[in-house]
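Let's work through some short exercises together. Have a look at the model first, then try each task before you read its solution.

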Amino acid sequence: LGAPIRVVLAGAQLAFDAVNAQGGVNGRKVKMVSLDDDLSPDKAVANYERLLGEHRAFAFFCCVGSATTAAAAKVLTQSGAPMVAGYAVSDSARDKAGGAAYFVRATFAREAQALVQHLTTIGVSRIAVAALDNPGGAEVVKLVEAALAAHQLQAVTSVAVKGDASNAAAAGKTLADSKAQAVIMYLGGTVGGEVMKATAAAGGRSTMFYGMSIVPGDVTAKLVGNQTSGLAISQVVPYAWSDADAQTREYRHLAERSQVPVGYLSFEGYLNALVMVEALKRTGRELTRPRLHAALKAMRLRVAGMDVDFTGAGNTGSRFIEMVRVTQDGKFLR
């Protein structure tokens, strides 16, 4: 997750730099400090405590990972510091963070439901699942199975794929042998592309692939070439190349000026930062953590055509999902 999160944070910095150039939020400049925890829960907790103590962090933003977030929930609760816009955090870890965290992007359950709904609508019933061989992947498999069950279906097969893609060939053969019409993928980095290539090599050239938002379409397209025509992804933020929305146009202007790659990763970071800035504005000049929590819990806003609402019982603000198709050169089509 190191490479994508750097792009996400670069997108967020665009928004923070823009507000700082205008004098900051209620006269205060926003400073983002990032520490790497290697996705280790113990190191994550140490980093949270270091950020609170040494760096005097007021709040947390865009923290990464499921086990790391779950482990840090106690620190968040004890300090009273809110965490906004976590990235790659499972639904169960969101629950463990409880009232301490506010997640912008839709849940993986929502992605699973949207993907299954789309596939059944176009007449696809033989659906397989390929997920990372870790607790987060196992959780996503259950979410997809629950979404399928709601349509009186069950997965024709599910495969757990190692993070280094070392068993991609075996996974691809299992998927090809299953005669699945479509495969729902929860695979980050290059792993999805390796599984797609292996499935085609084992005879599954007609298989369609539908990736969850962690699947990087551009990276996958470089790996699979012509087979990219069978790839679609459920995105959790709006189309970054839209000309209809002013905030989206402003994002692209800032990204191009700062040489930040325009795409879903940096756009998600940018939108997350807009939510953070708006929460700080609503907190007012008297900055306290309880006041920031209150501002977040009362927040409803629309950013770049996406509704964010934290006023409900849960701690996830958006239900936005949009299906996009990936072209052979790694571009996205709505």
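**Exercise 1: Two helices in contact**

Task: In this predicted model, find which residues of α5 meet which residues of α6, and sort them by class.

Solution: Start on the α5 side, where Phe108, Ala109, Ala112, Gln113 and Val116 take part. Their partners in α6 are Val140, Leu143, Val144, Ala147 and Leu148. Now sort by class: the contact has 9 nonpolar residues, 1 polar residue and no charged ones.

**Exercise 2: How the helices cross**

Task: Describe how the axes of α5 and α6 are placed relative to each other.

Solution: First locate the helices: α5 spans residues 108-121 and α6 spans residues 135-149. Next, look at their axes, which come within 9 Å and cross at roughly 45°. Because of that angle, α5 is oblique to α6. Finally, add the handedness: α5 and α6 make a right-handed crossing.

**Exercise 3: Checking the cysteines**

Task: How many disulfides does the structure hold, and are Cys62 and Cys63 buried or exposed?

Solution: The count of disulfides is 0. Cys62 is in none, and its nearest cysteine sulfur, in Cys63, is 7.7 Å away. A disulfide needs two cysteine sulfur atoms within 2.5 Å, so the sulfur of Cys63, 7.7 Å from that of Cys62, is too far for a bond. For the last step, recall that buried means under 20% relative accessible area. Cys62 has 4% relative accessibility, so Cys62 counts as buried. Cys63 has a relative accessible area of 15%, so Cys63 is buried too.

Key: Residues are numbered from 1 along each chain as its sequence is written. This is a predicted model: local features need pLDDT of at least 70, side-chain atom pairs count only at pLDDT 80 or more; totals for chains, interfaces and linings use all residues. Side-chain values use heavy atoms; hydrogens and water are left out. Axes are lines fitted to C-alpha atoms, for helices over the stretch in contact, and angles run from 0 to 180 degrees between N-to-C directions. Helices (H or I, at least four residues) and strands (E, at least two) are DSSP runs, numbered from the N terminus. Angles under 35 degrees count as roughly parallel, over 145 as roughly antiparallel, 65 to 115 as roughly perpendicular and the rest as oblique. A crossing is left-handed if the near helix is turned anticlockwise from the far one by less than a right angle, and right-handed if clockwise. Contact means heavy atoms within 4.5 Å. Ala, Val, Leu, Ile, Met, Phe, Trp, Tyr, Cys and Pro count as nonpolar, Asp, Glu, Lys and Arg as charged, and the others, Gly among them, as polar. Buried means under 20% relative accessible area, exposed over 50%, partly exposed in between (1.4 Å probe, protein chains only).
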